[in-house]
Amino acid sequence: MKRNKVIKRNNLPTNLPFGGSALWFTVLHYWKAPEWLWGAFGLTFLVIWGTAIWARYNEEKIDLLNNDSE
């Protein structure tokens, strides 16, 4: 399988969706959302997290600040 090339974390960090997940689950709790809406958001976040973890696993890190002349 071909590996995707991505920028190294210390050059431009890419993070898992912790903040968005916490925000939406807090909003659902605050608005006392019905169970079907919790299920819909749960399934959506399951897909988002699964995709993020899969993409992170298939990354190849590239250091933009690497000086090859040294």
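**Two helices and their contacts**

Mentor: Let's start with H1, which has 13 residues and reaches 18 Å from its first C-alpha to its last, close to the 18 Å expected at 1.5 Å a residue. Keep in mind that this is a predicted model.

Trainee: What makes 18 Å the expected span for H1?

Mentor: The expected span is 1.5 Å times one less than the number of residues. H1 has 13 residues, and its 18 Å reach is close to that expectation.

Trainee: Where does H1 sit in the overall layout of the protein chain, and what is the order of its elements?

Mentor: From the N terminus, the order is β-α-α-β, made up of 2 helices and 2 strands. H1 covers residues 18-30, and H2 covers residues 35-57.

Trainee: How do you know whether H1 is roughly parallel or antiparallel to H2?

Mentor: Look at the crossing angle. The axes of H1 and H2 come within 11 Å and cross at roughly 180 degrees. Angles over 145 degrees count as roughly antiparallel, so H1 is roughly antiparallel to H2.

Trainee: Which residues bring H1 and H2 together?

Mentor: On the H1 side, they include Phe18, Ser21, Trp24 and Phe25. On the H2 side, Leu37, Trp38, Phe41, Phe45 and Trp49 meet them. The contact divides into 9 nonpolar residues, 3 polar and no charged.

Trainee: Ser21 is in that group. Why is Ser21 called buried or exposed?

Mentor: Set the value against the cut-off: buried means under 20% relative accessible area. Ser21 has 9%, so it is buried. Ser21 lies in H1 and, leaving aside neighbours within four places in sequence, is in contact with Phe45 and Trp49.

Trainee: What makes the pairing of the Ser21 and Trp49 side chains a polar contact?

Mentor: The distance is one part of it: the side chains are joined at 2.8 Å, and the limit for a pair of N or O atoms is 3.5 Å.

Trainee: What else does Trp49 touch?

Mentor: Trp49 lies in H2. Not counting residues up to four places away in sequence, its partners include Leu16, Pro17 and Phe18 as well as Ser21. Trp49 and Phe18 are 31 residues apart in sequence, yet their C-alpha atoms are 9.2 Å apart in space.

Trainee: Ala52 is in H2 too. Why is Ala52 put in its exposure class?

Mentor: Partly exposed is the class between buried, under 20%, and exposed, over 50%. With a relative accessible area of 22%, Ala52 is therefore partly exposed. Beyond its neighbours within four places in sequence, Ala52 is in contact with Leu16 and Pro17. Ala52 and Asn15 are 37 residues apart in sequence and 8.8 Å apart in space, C-alpha to C-alpha.

Trainee: What makes Lys32 worth a look, given its phi?

Mentor: Lys32 has a positive phi of about 50 degrees although it is not a glycine. Most residues other than glycine have a negative phi. Lys32 comes just after H1, in the loop between H1 and H2.

Trainee: How do you know whether Lys32 is buried or exposed?

Mentor: Exposed means over 50%. Lys32 has a relative accessible area of 71%, so it is exposed.

Trainee: And Asn58, in the loop between H2 and strand S2: why is it called buried or exposed?

Mentor: Asn58 has 8% relative accessibility; the limit for buried is 20%, so Asn58 counts as buried. Not counting residues up to four places away in sequence, Asn58 touches Met1, Arg3 and Asn4.

Trainee: How many of the residues in the protein chain count as buried?

Mentor: Of the 70 residues, 9% count as buried. As for contacts with a separation of 6 or more, residues 24 or more positions apart account for 80% of them.

Definitions and conventions: Residues are numbered from 1 along each chain as its sequence is written. Side-chain values use heavy atoms; hydrogens and water are left out. Helices (H or I, at least four residues) and strands (E, at least two) are DSSP runs, numbered from the N terminus. Buried means under 20% relative accessible area, exposed over 50%, partly exposed in between (1.4 Å probe, protein chains only). A polar contact is a pair of N or O atoms within 3.5 Å; within protein, one must be able to donate a hydrogen and the other to accept it, and residues adjacent in sequence count only if both atoms are side-chain atoms. Contact means heavy atoms within 4.5 Å. Axes are lines fitted to C-alpha atoms, for helices over the stretch in contact, and angles run from 0 to 180 degrees between N-to-C directions. Angles under 35 degrees count as roughly parallel, over 145 as roughly antiparallel, 65 to 115 as roughly perpendicular and the rest as oblique. Ala, Val, Leu, Ile, Met, Phe, Trp, Tyr, Cys and Pro count as nonpolar, Asp, Glu, Lys and Arg as charged, and the others, Gly among them, as polar.
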